[in-house]
Amino acid sequence: MLKIGVLVSGGGTNLQAIMDAIDAQGIPAEIVSVVSSNPNAYALERAKNKGIEAVTMRKRDYADAKAYDLALAEHFKSRGVGLVVLAGFMTILGEDFVNAFENKIMNIHPALIPSFCGDGFYGLHVHEAVLEKGVKLTGATVHFVSPITDGGPIILQKAVEVMDDDTPEILQKRVMEQAEWKIFPEAIRLFAEGKLEVVGNKVRIKR
Ligand code: GRF
C-alpha cells in the first residue's frame, strides 16, 4: 500500500479532494502524515477530522533552508512515505528535499504549464495574470517536482474556460472545482497503481 505524505499551507481543498477520492475510488494508498508550514492552515483541521497525523513544521524554526529540507525529508522517510504531495504548499523546497524523493513529489499548479508559472506565479497571482493576458483557456497541471520551480515532468493537465466577466477569485474557484480537484486525485491513483513512467522530462501513462 502506497504511503503518502502531504505538505500544505492553506485551506486544504486539494487535500480534501484527495482524501475523498482515496475513500470513494478505493485508490490503493494511505495518507500517513500531513505537514503544514502554517499553524493556522485549515488543511490541518481537515486531516485531524480524518484521523490523520497533522503537524506544523515552519522554516523559521530551523537554522536554515537546508536544515528544514532535511527535517521534512526525515519526517516522511521515517514514516515510509513513497509519494510526497504538495497541496497548496507555499514554501520552496530545496535540492536536499527534492533529491531525497526523486520523481516521488507531485505538485498542483493552477495553470497550464508552461504558461503562467515560475517565480511569483502562485495563488491568485496566477489567475490575475491569466485575466490580464486575456487567454480564453486556462486550467491546472499536476507535475513531478524538480529543483526548477514548476519545471518537473508534467503528469496530467485539464483545461478550463475563462469567462468574460471572471474575477480572479471566480476563476480560481472554477479551476479548482473543474480541474485541480479532479486531476490531482487521478494522478495519485495512476502513481499508486504503478502506471506512471518518467522518461527523460516526460511522463508516460500506462492506461
Ligand atoms: C490551489 O489553488 C493550488 O492550485 C495552489 O494553491 C492552492 C491550494 O489550495 N497550489 P488548497 O489549500 O488546496 O485549498
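**Exercise 1. Which pocket holds the space taken by the ligand?**

Solution. Keep in mind as you work that this is a predicted model. Look for the ligand and then for the pockets in the protein. The space that the ligand takes is the largest pocket. Two elements each give two or more residues to the shell around the ligand: α1 (13–25) and α6 (168–192).

**Exercise 2. List the residues around the ligand and sort them by class.**

Solution. Step one is to collect the names. The glycines around the ligand are Gly-10, Gly-11, Gly-12 and Gly-88. Thr-13, Asn-14, Ile-108, Pro-110, Met-176 and Glu-180 complete the surroundings.

Step two is to sort them. The shell has six polar residues, three nonpolar ones and one charged one. To get this result, remember that Gly counts as polar here.

**Exercise 3. Find polar contacts of the ligand, using a cut-off of 3.5 Å between N or O atoms.**

Solution. Take the partners one by one.

- Glu-180 uses its side chain: a polar atom there lies 2.8 Å from a ligand oxygen.
- Ile-108 uses its backbone, where a polar atom is 3.3 Å from a nitrogen atom of the ligand.
- Gly-11 also offers a polar backbone atom, 3.4 Å from an oxygen atom of the ligand.

Now turn to the cover. On its own, the ligand has 370 Å² of accessible area, and the protein covers 89% of that.

**Exercise 4. Why does the ligand lie between domain 1 and domain 2?**

Solution. First, note the bounds: domain 1 is 1–101, and domain 2 is 108–142 + 155–207. Next, ask where the shell residues come from. Both domains give residues to the shell, so the ligand lies between them.

**Exercise 5. Inspect the backbone in the loop between β5 and α5.**

Solution. Start by finding the loop, which runs between β5 (105–109) and α5 (124–133) and contains Pro-114. Then check the peptide bond from Ile-113 to Pro-114: it is cis, with omega near 15°. Finally, move on to Phe-116, which is in this loop too. Phe-116 is not a glycine, yet its phi is positive, near 50°.

Technical notes:
Residues numbered from 1 in each chain as written. Predicted model: local features only at pLDDT ≥ 70, side-chain atom pairs only at ≥ 80, totals over all residues. Heavy atoms only, no water. Near = heavy atom within 4 Å. Polar contact = N/O pair within 3.5 Å; in protein donor to acceptor, adjacent residues only side chain to side chain. Areas by Shrake-Rupley, 256 points an atom, 1.4 Å probe, with all protein chains shown as cover. 1 Å grid on protein atoms, 1.4 Å probe; cavity = no way out; pocket = protein on both sides within 12 Å on 5 of 7 lines; lining within 4 Å. Sits in = over half its atoms within 2 Å of the grid points. Helix = DSSP H or I, 4+ residues; strand = E, 2+ residues; numbered from the N terminus. Domains from an automatic or database assignment.
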